[in-house]
Amino acid sequence: MATNVVWHEGLVTRDARAKLLGQKGVTVWLSGLSGSGKSTVSVELEQQLFAKKVLSYRLDGDNIRQGLNKNLTFTPEDRKENIRRISEVAKLMCDIGVVVTTAFISPYTEDRDMAREIHKAADIPFIEVFVDCPLDVAESRDPKGLYKKARSGIIKNFTGIDAPYEKPPSPEITLDTSKLSISECAGVILTYLTEKGLISAEAKDEAKPAKAVEEPAAAPVAEAEKEKVPATA
Ligand SMILES: Nc1ncnc2c1ncn2[C@@H]1O[C@H](COP(=O)(O)OP(=O)(O)OP(=O)(O)O)[C@@H](O)[C@H]1O
Ligand SMILES: [Mg+2]
């Protein structure tokens, strides 16, 4: 932890930003085996939210590992750092007021709990979604051919094959993607967010126009100045 750093507070609050945007930040954390459907469900959810005029953004493991986290491997230490950075990025985006979906295998309970703690400390809602799918189904899908490579030993530390996946003990939502359709899975999350009041149930254009910050009180006018101001001003 850096020393001699002091948080510099701004003048526009998170609440003010929420009023401006007409929405609040929340992180929807998708966890599950490779091929379980995290990316697919998050893409569908993004579309369903967009149709409701809710701005969301996907943080996807494969995409983030090509940029921000390109220096990280799949060792437990690097997986932890991967999750820590994503949690921090998600927290910042939620602070803006964006609905964030994350699609990371995030196999370790301890790491997911760290993600939850980072959000809790910032008073940002965190919804853990266990994208549950039997290993044999995920392996038969093998959309990127990764299981094949892991089975033949080309890829090491592959979750479900030679690295563990610790099932979330108490996720807010569990989706069995071997039973529900892609659209149904996204729908379950959307319904949860709506019922918990985390996103607005009403269409945004029906809502009152948002105001960013309260208008400042009129500056006091000096007695001498008052006489110069016309009555109609
Ligand atoms: N109900 C479902 N939900 C999600 N995906 C499904 C479902 N039914 C079938 N699929 C298929 O399963 C595959 C899931 O692949 P996807 O890339 O989304 O997995 P992932 O969890 O993001 O894996 P990785 O961790 O490797 O990125 C896709 O080919 C998708 O079309
Ligand atoms: Mg994916």
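**Exercise 1. The surroundings of ligand 1**

Task: Determine which element gives the most to the shell around ligand 1, and with how many residues.

Solution. Helix α2 gives the most, with four residues. The model is predicted: local features need pLDDT of at least 70, side-chain atom pairs count only at pLDDT 80 or more, and totals for chains, interfaces and linings use all residues. Residues are numbered from 1 along each chain as its sequence is written, while chains are lettered from A and ligands numbered from 1 in the order in which they are written.

Next, consider the whole shell. Ligand 1 is surrounded by 21 residues, of which S34, G37, K38, S39 and T40 are the closest. Two or more residues come from each of α2 (38-51), α3 (61-64) and α8 (182-195). A residue is near a molecule if its C-beta atom, placed from the backbone, lies within 6 Å of it. Helices (H or I, at least four residues) and strands (E, at least two) are DSSP runs, numbered from the N terminus.

Finally, sort the shell by class: seven residues are nonpolar, 10 polar and four charged. Here Ala, Val, Leu, Ile, Met, Phe, Trp, Tyr, Cys and Pro count as nonpolar, Asp, Glu, Lys and Arg as charged, and the others, Gly among them, as polar.

**Exercise 2. Two pairs of helices**

Task: State how α2 and α8 are oriented to each other.

Solution. Two packed helices are described by the angle between their axes and the distance between the axes. Axes are lines fitted to C-alpha atoms, for helices over the stretch in contact, and angles run from 0 to 180 degrees between N-to-C directions. The axes of α2 and α8 cross at roughly 60° and come within 9 Å. These two helices are therefore oblique to each other. Angles under 35 degrees count as roughly parallel, over 145 as roughly antiparallel, 65 to 115 as roughly perpendicular and the rest as oblique.

For comparison, take α4 (residues 76-96) and α5 (residues 109-121), which pack at an angle of about 25° with their axes 9 Å apart. Helices α4 and α5 are therefore roughly parallel to each other.

**Exercise 3. Strand β5**

Task: Identify the strand β5 residue that is the bridge partner of V131.

Solution. Strand β4 (residues 126-132) pairs with β5 in the parallel sense, over four bridges; strands pair if DSSP finds at least two bridges between them. The partner of V131 in β5 is L175.
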